[in-house]
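Let's take a friendly walk through a protein and its DNA. Please have a look at the picture first, and then read on.

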There are 2 protein chains.
Amino acid sequence: MTDNRIVDVARRASVSVATVSRVLNDSPLVSPKTKTKVMQAIEEMKYTPNASAKNLRSKKTMTLGVLVSDILISYYTEIIKGIENAANRLHYKLIICDAQNEKDKEIAYMSLLMDRTVDAMILVTPLMSDREIAAYADNGYQIGLIGRAVDHPDIPCVLTDNVKLAREVVNHLIGQGHGEIAFLSGYADAIDSYERLEGYMKALRDARLPFDPGLIENGNFNETGGYAAFKRLLEKGARFTAIFAANDEMAIGVYRACEELEIRIPGQLAVVGVDNERVSKYITPKMSTVEQPKYAMGALLAEKLIDRVNASDEPAERIFKLDSQLMIRASSQSNVE
Amino acid sequence: MTDNRIVDVARRASVSVATVSRVLNDSPLVSPKTKTKVMQAIEEMKYTPNASAKNLRSKKTMTLGVLVSDILISYYTEIIKGIENAANRLHYKLIICDAQNEKDKEIAYMSLLMDRTVDAMILVTPLMSDREIAAYADNGYQIGLIGRAVDHPDIPCVLTDNVKLAREVVNHLIGQGHGEIAFLSGYADAIDSYERLEGYMKALRDARLPFDPGLIENGNFNETGGYAAFKRLLEKGARFTAIFAANDEMAIGVYRACEELEIRIPGQLAVVGVDNERVSKYITPKMSTVEQPKYAMGALLAEKLIDRVNASDEPAERIFKLDSQLMIRASSQSNVE
DNA sequence: ATGAAAGCGCTAACAT
DNA sequence: ATGTTAGCGCTTTCAT
């Protein structure tokens, strides 16, 4: 067991602990000869520095946290991969936190920031409110946000343009000849929901199509919610030939309901989701969706956040909007089945 | 910013740091009155203990690591959820590590164990060899293994019976009238591959069917590998009416190849995978597969490992075999399309 | 270029 | 039941 301490290395290499520490931290103030001697001792003893001691003394951990609401969903895991690779490149480690859609777990994980286990925390569309998020930043904790923006000077945010994205989806459906398009939103208080709804309405207005609030239902961003929301639409007698779900998970729920009710997609109902989740490509018919540059979003935010953690200079840019891309597949094309 | 220390709390509550520490750690040696006083001070100052200092002093971190090869694959993420919940229940935190199928990253993450960032590390079917894994345990590091067994007295392992599982799959295919069944194995050196191959052969022998090594190909446990392996089988003119892929990922690759080549599943080819990945239920035709109790495996191992970390007594049981379950869906039933 | 020593914030042994 | 204090293993000033 590596229970060696820095003094043991120092002793073996016949130098002081300060010198060993310098070697360990790549200080230029060590002669090459001494450095070799120390490295050899480290090697021989299989010495590994104790992270807790190092963190305690240096007051930083070179570790980032990412908090996502469900690691089963590929939207999150792809973002995580982007973060991870960018972080590793900059010599940061990453702690992945799965809040499992529970706000309590989210809050619990935020303690990693408060107890200084991580230097900064990245939140990917959390359940927490803007106020709550801003409060952490007010207390001096470093936070980064993905898929959402919060109005606080110290919080870098990376997101896609939800309004534009929704507009493109709806334009596409209108282009396919649909005039009655239902919309499945996510959590009522999520910005994503709100902005996608806004884009939906704008597209309708652009096309001089009537806006019918009866065609809107909330599916909470998950499969079960999408399934239920779709059924509610049918039960209340809403009439529509296309449906735009604010994410793929809800669209999958719509698929399931359609299978049960023997509604053909896209023959009787065109479906479009958002996120380009893995399943959407394999499901039949292949689902039209919107690809978000998930990996790039993760990588970009990690870089910007690490910049800020080590920043002494001016604040720099804070909001980064990346482009998304409509992926038209079978589920929304009337001439394809 | 919470830059308060335990002495600040002590001062405010007019007690000693020891007393504050006792309150913080739920020691029974504090009078209720003092406890209240201290808690109030903590509350007022919004004090949070510094994790590094605590870990350094107490020589434990109450943190587990899980190392998986790809968090995009639901097999891993479901295991992670099981671990996470069991760990949290026992007041342990979890660091998720995604090695991204790179052995170098695996090794890099093992340093979390060596630098004492985690008290123990759970490996889920890693690329590392048995020897390498055993070496860590020999050096006194706590390790747990999922989906694989290693012959070392200090390594608890949770796995399913691969031989039995493969046997059931092949029996099922034979029962459907198939006599020529191809087998797609994973990494040549993975125990899973070996054991599933063994079960495959046993089932053939039981049924007095000939074993043809020309029907075996390696697909490295991923989609691309499965796709390529299947094509190799065809190119070399192998004849078979059913294929058993050692995991769903490879089976998905087979699906893709079949789509391109217009081979009907299950009409012309029956397909069975292993793992019951999320996609297998959504793909058309629905894929027959083997459900492994992933969540339960994660939870069980986490419990057993934490037991060991805190153990002073006898070693207890070490290998835990859980039952898997064959899920017969459309892809392997000749009378269903 | 190298060393001596203080101290990061906490726990736990010991004293009372 | 509470307080005093040593020390976990490291980094970093200050001295040489």
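Of the atoms of DNA strand C within 4 Å of the protein, what percentage belongs to sugar or phosphate? The value is 62%, and the rest belong to bases.

Before going further, a word on the ground rules. This is a predicted model, in which local features need pLDDT of at least 70 and side-chain atom pairs count only at pLDDT 80 or more, while totals for chains, interfaces and linings use all residues. Residues are numbered from 1 along each chain as its sequence is written, chains are lettered from A and ligands numbered from 1 in the order in which they are written, and side-chain values use heavy atoms, with hydrogens and water left out.

**Around DNA strand C**

A residue is near a molecule or strand if one of its heavy atoms lies within 4 Å of it. There are 25 residues around DNA strand C, and A:R22, A:T34, B:I6, B:Y47 and B:R57 come nearest. By class, these surroundings divide into 11 nonpolar, 7 polar and 7 charged residues. Here Ala, Val, Leu, Ile, Met, Phe, Trp, Tyr, Cys and Pro count as nonpolar, Asp, Glu, Lys and Arg as charged, and the others, Gly among them, as polar.

Which helix gives the largest share of this surface? Helix 2 of chain A does, with 4 residues. Helices are DSSP runs (H or I, at least four residues), as are strands (E, at least two), and both are numbered from the N terminus. Helix 2 and helix 4 of chain A, together with helix 2 and helix 4 of chain B, each supply at least two residues near DNA strand C.

**Around DNA strand D**

DNA strand D is surrounded by 26 residues, the closest being A:I6, A:Y47, A:R57, B:R22 and B:T34. Sugar or phosphate accounts for 58% of the atoms of DNA strand D within 4 Å of the protein, and bases for the rest. The surface near DNA strand D has 11 nonpolar, 8 polar and 7 charged residues. Helix 2 of chain B gives the most, with 4 residues. Helix 2 (17-24) and helix 4 (51-58) of both chain A and chain B each supply at least two residues.

**Atom pairs between protein and DNA**

The table lists some side-chain N or O atoms and how far they lie from a phosphate oxygen.

| Residue | DNA strand | Distance to a phosphate oxygen |
|---|---|---|
| A:Y47 | strand D | 2.3 Å |
| B:T34 | strand D | 2.4 Å |
| A:N25 | strand D | 3.2 Å |
| A:T19 | strand C | 2.8 Å |
| A:K59 | strand C | 3.0 Å |

A base is reached as well: a backbone N or O atom of B:A53 lies 3.5 Å from a base nitrogen of DNA strand C.

**Strands and a helix in chain B**

Now let's turn to strand 1 (residues 63-68) of chain B, which runs parallel to strand 2 of chain B and is joined to it by 6 bridges. Two strands pair if DSSP finds at least two bridges between them. One of these links has B:V68 with B:D98 of strand 2 as its bridge partner.

Is strand 2 (residues 93-98) of chain B largely enclosed or left open? Since 5 of its 6 residues are buried, strand 2 is largely enclosed by the rest of the structure. Buried means under 20% relative accessible area, exposed over 50%, and partly exposed in between (1.4 Å probe, protein chains only).

Strand 1, helix 5 (residues 74-89) and strand 2 of chain B make a right-handed β-α-β unit. Right-handed means that, with the strands pointing away from the viewer, the path from the first strand over the helix to the second runs clockwise. In the loop between strand 1 and helix 5 of chain B you can find B:D70. At 12% relative accessibility, B:D70 counts as buried. Its C-alpha lies 9.0 Å from that of B:C97, 27 residues away in sequence.

**Helix 10 in both chains**

B:E223 lies in helix 10 (residues 223-235) of chain B and is buried, with a relative accessible area of 14%. Its side chain makes polar contacts (a pair of N or O atoms within 3.5 Å; within protein, one must be able to donate a hydrogen and the other to accept it, and residues adjacent in sequence count only if both atoms are side-chain atoms). One joins B:E223 to the side chain of A:Y282 at 2.4 Å, and another to the side chain of B:R256 at 3.0 Å.

In chain A, A:A229 sits in helix 10 (residues 223-235) and counts as buried at 0% relative accessibility.
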